[in-house]
Amino acid sequence: MTVDPRLTASSDPGRMTSSRLPILLALVFSSLFPVFSHSNREMWFQDLFPPNTCPINAKTFYGIMFDAGSTGTRIHIYTFVQKSPEILPELEGEIFESVKPGLSAYADQPEKGAESVKRLLDMAIDAVPPHLWKKTPVVLKATAGLRLLSEEKAQALLSEVKEVFEESPFLVPEDSVSIMDGSYEGILAWITVNFLTGQLAGHNQHTTGTLDLGGASTQITFLPRFEETLKESPRDFLTSFEMFNSTYKLYTHSYLGFGLKAARLATLGALNTEVADGQMFRSSCLPKQLEAEWHFGGVKYRYGGNKEGETGFKPCYLEVLKVVKGKLHQPDEIRGSSFYAFSYYYDRAADTNLIDYEQGGVLEVRDFERKAKEVCDNMERFSSASPFLCMDLTYITALLKEGFGFRDNTLLQLTKKVNNIETSWTLGATFHLLQSLGITY
Ligand SMILES: Nc1ccn([C@@H]2O[C@H](COP(=O)(O)OP(=O)(O)O)[C@@H](O)[C@H]2O)c(=O)n1
Ligand SMILES: [Ca+2]
């Protein structure tokens, strides 16, 4: 990935290079897996094989983490390698695959939902060598899509998935299928990003905050630097988290119902309401003549443009403002910081050529606003794209400025992968899992 120098003013850009990654991983694993501290043990073959090249003891182990998101289900198969007992393991790579729709779309057909998980799990059967199946843990964590379902429907889905896991040859830990607490989603994504960018090695305190915009919820997470932030934040926004032998006191919050798709419904006035048969929801953020249907979370919605009334950025911004204004906590200290942003921040920026789809890039908050104006005031020119493009960009602008209180010139590093590893909470969750299972080789 490329790193904008503006973002690394207080950190070391050299840390981002992939050649540093194994060293960094080794450092992190040394605290993750204290069992490795037997590095003084004498080995008869040490004189024959230089460190790192002994083929006899090279060991590979895996972790399988499912992300059951509101818009899709994804599998992450992480491979770790330990080349000899003296050398610490390295994160070798990740196999990633996804399917749509997400589990919550199968609210009334839980077996079909579980089938979608099974198809992905079959990939792990091919990726993990048979002799390691029994030692490879498999876990699924669901996010906002399932949080929004009734307890009964969500549990039915989870128990079908659990059956799929139990019929597989992998290690199924207790609590292997669950709905993840929203605050973990933020913390674990923060761990992933700061781990992959090298900020968790040693005592470097130049960590970066993270912004995740999902379909149904959105998270903000950062390491507060000022006492004021700790004093002024609501208690449940602050959390201590132990990882890699350090305790991180993080600010994190997950706003349920503020993901991009939930925000569309909220803007249309259709979130958390009983939808009457044939009811039409209209918005000035949609093309004037549009009338269409949309399925989300197992419910069908009819929506359309303001046939007679206004359309465009100004009226749209006022509509969207009602969804965010005064609803989010605004920590002062983030105004001058830079953040990593992913998920729908990335997708909408890439869709509108604000960033390169493969490389990502760095934007200022005002770039989203500029693009929102361009799209909303020229909807006919963008009619081949999603009819929601104007609403989505306007929502992102309002969420960043009026929701979180970022400045126009706050920098956002838009990233999908760092060193070819997905910037998802799943890697942080896998570290946590391996730590709790005491998996050491
Ligand atoms: N590994 C992943 C997971 C999600 N995403 C993006 O995250 C957004 C959807 O979020 P989600 O389905 O996880 O929804 P939530 O359950 O997090 O609300 C989409 O833009 C996905 O493309 C991604 O880019 N990479
Ligand atoms: Ca997500």
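This note covers a three-stranded sheet and the surroundings of ligand 1 in a predicted model.

1. **Sheet order.** The sheet is open and built from 3 strands. Their order is 10-12-11, with mixed pairing.

2. **Edges.** Strand 10 (280-283) and strand 11 (291-296) are the edge strands. Each has a single partner strand, so one side of each lacks a neighbour in the sheet. From one strand to the next, the twist averages 35°.

3. **Strand 10 with strand 12.** Strand 12 spans residues 299-305 and pairs with strand 10 in the parallel sense. The pairing runs over 4 bridges. Arg-282 has Gly-304 of strand 12 as its bridge partner.

4. **Helix on the sheet.** Helix 7 (residues 260-268) packs on this sheet. The helix touches strand 10, strand 11 and strand 12. Its direction makes about 130° with that of strand 11.

5. **Around ligand 1.** There are 19 residues around the ligand. Ser-70, Thr-71, Arg-74, Thr-143 and Asp-347 come nearest.

6. **Polar contacts to oxygen.** Asp-347 also places a polar side-chain atom 2.4 Å from an oxygen atom of ligand 1. For Ser-343, a polar side-chain atom lies 3.4 Å from an oxygen atom of the ligand.

7. **Polar contact to nitrogen.** Glu-422 addresses a nitrogen atom of ligand 1: a polar side-chain atom of this residue lies 2.9 Å from that nitrogen.

8. **Cover.** On its own, ligand 1 has 530 Å² of accessible area. The protein covers 89% of that area.

Terms used
Residues are numbered from 1 along each chain as its sequence is written. Chains are lettered from A and ligands numbered from 1 in the order in which they are written. This is a predicted model: local features need pLDDT of at least 70, side-chain atom pairs count only at pLDDT 80 or more; totals for chains, interfaces and linings use all residues. Side-chain values use heavy atoms; hydrogens and water are left out. Two strands pair if DSSP finds at least two bridges between them. Helices (H or I, at least four residues) and strands (E, at least two) are DSSP runs, numbered from the N terminus. Axes are lines fitted to C-alpha atoms, for helices over the stretch in contact, and angles run from 0 to 180 degrees between N-to-C directions. Contact means heavy atoms within 4.5 Å. A residue is near a molecule or strand if one of its heavy atoms lies within 4 Å of it. A polar contact is a pair of N or O atoms within 3.5 Å; within protein, one must be able to donate a hydrogen and the other to accept it, and residues adjacent in sequence count only if both atoms are side-chain atoms. Accessible areas come from the Shrake-Rupley method with a 1.4 Å probe; for residues, only the protein chains shown count as cover.
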